Amino acid sequence: MPAHAADACDALAAKVIRETGASLAGRAGPFAVFRAEDAERMSLDCRAPARITVASRDREPSQAYFILVGRAARAVAGADPAAAEVLALNLHQASLLADAPRRGGFGKALMLCETGPRADALRDDLTVCRIAPRPGRSRSRHVG
């Protein structure tokens, strides 16, 4: 990984820590793993577009989990944390009802939430939400 990419990932990991209150559990290449009180697993993938995964072993996590998802959305996508929290809760409920992943977006963020059981590496996690920045939302690209 080039030095500037590593520096950018370090900066994003630090932002995640500041915004969520999580602590860094490990870092390898473009990936960082965190310890967070309200999630079983929280990981950051710095490859473009950067995205964060927040997972719980609960099929119906506490409100604190959704608050954490909102804060993670602010760190990674610059999203309003209260709006992200509501979106995560709504997508989670829709996923429970449909027994399938549900996607949504608002402002600067895209989100996918799903409810297990799962067959992949997150198989023990019954609720998983992934957040990424919405492409093309940068003001620097605006031509006027």
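Trainee: In what order do the elements of the protein run from the N terminus on?

Mentor: Read the order as a string of helices and strands. In this predicted model, the string is α-β-β-β-β-α-α-β-β-β. That gives 3 helices and 7 strands.

Trainee: What share of the 144 residues in the protein is buried?

Mentor: A residue is called buried when its relative accessible area is under 20%. Here buried residues make up 40% of the 144. The accessible surface comes to about 7800 Å², and carbon and sulfur atoms hold 51% of that surface.

Trainee: How much of the contact list joins residues 24 or more positions apart?

Mentor: Take the contacts with a separation of 6 or more as the base; pairs 24 or more positions apart account for 45% of them.

Trainee: How does the reach of helix 2 relate to the span expected at 1.5 Å a residue?

Mentor: Set the distance from the first C-alpha to the last against the expected value. Helix 2 covers residues 63–77, 15 residues in total, and reaches 21 Å, close to the 21 Å expected. Just after helix 2, glycine 78 has a positive phi of about 70°.

Trainee: Which residues in helix 2 are buried?

Mentor: The buried set consists of Tyr65, Phe66, Leu68, Val69, Gly70, Ala72, Ala73, Ala75, Val76 and Ala77.

Trainee: How many disulfides does the count come to?

Mentor: The test is a pair of cysteine sulfur atoms within 2.5 Å. By that rule there are 2 disulfides. One joins cysteine 9 to cysteine 46, with S to S at 2.0 Å. Cysteine 9 sits in helix 1 (residues 3–20) and cysteine 46 in the loop between strand 3 (39–45) and strand 4 (51–56), so this pair ties together parts 37 residues apart in sequence.

Trainee: Why is the disulfide of cysteine 9 and cysteine 46 called right-handed?

Mentor: Look at the torsion about the S-S bond: it is about 75°, so the disulfide is right-handed. As for cover, cysteine 9 counts as buried at 1% relative accessibility, and cysteine 46 also counts as buried, at 18%.

Trainee: Which cysteine does a disulfide join to cysteine 113?

Mentor: The partner is cysteine 129, with S to S at 2.2 Å. Cysteine 113 lies in strand 6 (residues 109–115) and cysteine 129 in strand 7 (residues 127–133), so the link ties together parts 16 residues apart in sequence. The link of cysteine 113 and cysteine 129 is right-handed, with 115° about the S-S bond. Both cysteines, 113 and 129, are buried.

Trainee: What pattern do the disulfides of the protein follow?

Mentor: Count the bonded cysteines along the chain, then write down the pairs. The pattern is 1-2, 3-4.

Definitions and conventions:
Residues are numbered from 1 along each chain as its sequence is written. This is a predicted model: local features need pLDDT of at least 70, side-chain atom pairs count only at pLDDT 80 or more; totals for chains, interfaces and linings use all residues. Side-chain values use heavy atoms; hydrogens and water are left out. Helices (H or I, at least four residues) and strands (E, at least two) are DSSP runs, numbered from the N terminus. Buried means under 20% relative accessible area, exposed over 50%, partly exposed in between (1.4 Å probe, protein chains only). Contact means heavy atoms within 4.5 Å. Accessible areas come from the Shrake-Rupley method with a 1.4 Å probe; for residues, only the protein chains shown count as cover. The expected span of a helix is 1.5 Å times one less than its number of residues.
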